[in-house]
Amino acid sequence: MSHTLPPLPYEYDALEPYISVEIMKLHHTKHHQTYVNSLNLAEAAYAKANTPKERIALQAALKFNGGGHINHSLFWQNMAASSEKGGIGGVLKDGPLKEAIIASFGSLDNLQKEFNTTTAGIQGSGWGWLGVNPSTKRLEIVTTANQDPLLTHAPVIGVDIWEHAFYLQYKNVKADYLNAIWHVINFEEAQKRFVEATTGSKL
Amino acid sequence: MFSLARTALRPSLAKRAARAFAAPSTTALLHTLPDLPYAYNALEPFISEEIMTLHHKKHHQTYVNGLNAAEESYANSPSVKEQIALQAALKFNGGGHINHSLFWKNLAPASGDGGKLTDGPLKVAIERDFGSVDEFKKVFNAKTAAVQGSGWGWLGYNLATKNLEIVTTPNQDPLLSHTPIIGVDIWEHAFYLQYKNVKPDYLNAIWNVINFKEAEKRLVEVQ
């Protein structure tokens, strides 16, 4: 029943030069691992809790570490080596996702511009998301604070804007990180999620 | 000619014009980045020169700029709704400016006042409220490391109970419930370049450069 750290779908240096090998190693083997370990501890404590009060007291740990595990698991999957390196990162092919992006944002460029502005505007730690609004089935840009998981929308693309995600390479220049990361966004995975969210069918 | 133009304008525009054409009547009109009380490398090896340079010149400067912009917009807001919409920017950038201004002052080189807690009202209060200085640091570090996201750890003075207490604030929220005595930045930009993910190493190291003299000054002022 224990949660485990999912392996990266690529080598630690696969997202260079956009995300450095140093960041990927620390981010995966330290930060995400810590969320996994702490989630397991919190769940063990929750199972042993005897009262609502004790269970409620554990909610913050479950949300923080559970959210951290969920968010990072989605994150690794929605990235891929860039096309210059022979990967599929950064390439948005024709298809339902591309159509939806154009319908909601006018162009991929415009999506990136709005996404980056919104994500850079987070006041603290958090995540930027492209998500499907379950009522309208349209794509929207939303953010979550700290490690809060995205609950209001179906996640299509998530971008970590905690400083540990970029600081070693980009220092305080968030904008450079956000421009760079689009070269390694896995639009094929994003489309899989989009189709699942809009049709209910798992590919 | 200028005074004619002023009376013809709406009050908010007149204010803006006055600020544009006249020298500021008080320095309170524009916030500025306070100088560090020491050189950028003065807190080595506990906080690196690289971190201090980025933290002061980039991060804190950005809060100052953001605060000035937010206050300018606030002064020009035509409605309560717009003013409320600006509250987040004022809190985030205002808090960032307040917090970092306090932070630079409650740090000092280890070759100077840094890390030295001499006998006096602060030491007495710490020992009274935490048992010992070591225990205080232990609890402070545990609580600060446990902040879930970005934020600050504080030793604060509770005016109601007349006790020193350890509290945290999220993001750039300023400490309002207590009088700030010592603040420690636990945003990742404060330590990551040097300590990576190992927050406890940063928190252990920083006690070597905490300016207890400044902390005591703050306590005596409010007691």
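The following exchange goes through some assignments in this predicted model and the grounds for each.

Biologist: Which residues does UniProt place under the feature "binding site" in chain B?

Modeller: The record, an unreviewed entry, puts that feature at B:H55, B:H100, B:D185 and B:H189; although they are spread over 135 residues of sequence, they cluster in space, with a largest C-alpha distance of 12.4 Å. Of these residues, B:H189 is included in the lining of the second largest pocket.

Biologist: Why is B:H55 called buried or exposed?

Modeller: A residue counts as buried under 20% relative accessible area, and B:H55 has a relative accessibility of 1%, so B:H55 is classed as buried. B:H55 is found in helix α3 (residues 49-75) of chain B, and, leaving aside neighbours within four places in sequence, its contacts include B:H100, B:D185 and B:H189.

Biologist: What makes the pair B:H189 and B:H55 a polar contact?

Modeller: The cut-off for a pair of N or O atoms is 3.5 Å, and within protein one atom must be able to donate a hydrogen and the other to accept it; the side chains of B:H189 and B:H55 make such a contact at 3.1 Å. B:H189 lies in the loop between β3 and α8 (192-195) of chain B, and because its relative accessibility is 1%, B:H189 also counts as buried.

Biologist: Which residues of chain A does B:H189 touch?

Modeller: B:H189 touches A:E163 and A:Y167, besides residues of chain B, among them B:I51, B:H59 and B:Y63.

Biologist: How do you know that β1 (residues 126-132) and β2 of chain A are paired?

Modeller: Pairing requires at least two bridges between the strands, and seven bridges join β1(A) to β2(A), which run antiparallel; one of the bridge partnerships links A:W129 to A:V142 in β2(A).

Biologist: Why are β2 (139-145) and β3 (154-160) of chain A said to stand at the edges?

Modeller: The three strands form an open sheet in the order β2-β1-β3 (chain A), with antiparallel pairing. β2(A) and β3(A) each have a single partner strand, so one side of each is left without a neighbour in the sheet. Neighbouring strands of this sheet are turned by 25° against each other on average, direction ignored. Helix α8 (residues 187-199) of chain A packs on the sheet, where it touches β1, β2 and β3 of chain A, and its direction makes about 145° with that of β3(A).

Methods
Residues are numbered from 1 along each chain as its sequence is written. Chains are lettered from A and ligands numbered from 1 in the order in which they are written. This is a predicted model: local features need pLDDT of at least 70, side-chain atom pairs count only at pLDDT 80 or more; totals for chains, interfaces and linings use all residues. Side-chain values use heavy atoms; hydrogens and water are left out. Helices (H or I, at least four residues) and strands (E, at least two) are DSSP runs, numbered from the N terminus. Axes are lines fitted to C-alpha atoms, for helices over the stretch in contact, and angles run from 0 to 180 degrees between N-to-C directions. Contact means heavy atoms within 4.5 Å. UniProt positions are given in the numbering used here, feature names are shortened, and annotations may be inferred rather than shown by experiment. On a 1 Å grid over the protein atoms alone, a cavity is a set of points where a 1.4 Å probe fits but cannot get out, and a pocket is an open set with protein on both sides within 12 Å along at least five of seven lines; lining residues have an atom within 4 Å of a point. Buried means under 20% relative accessible area, exposed over 50%, partly exposed in between (1.4 Å probe, protein chains only).
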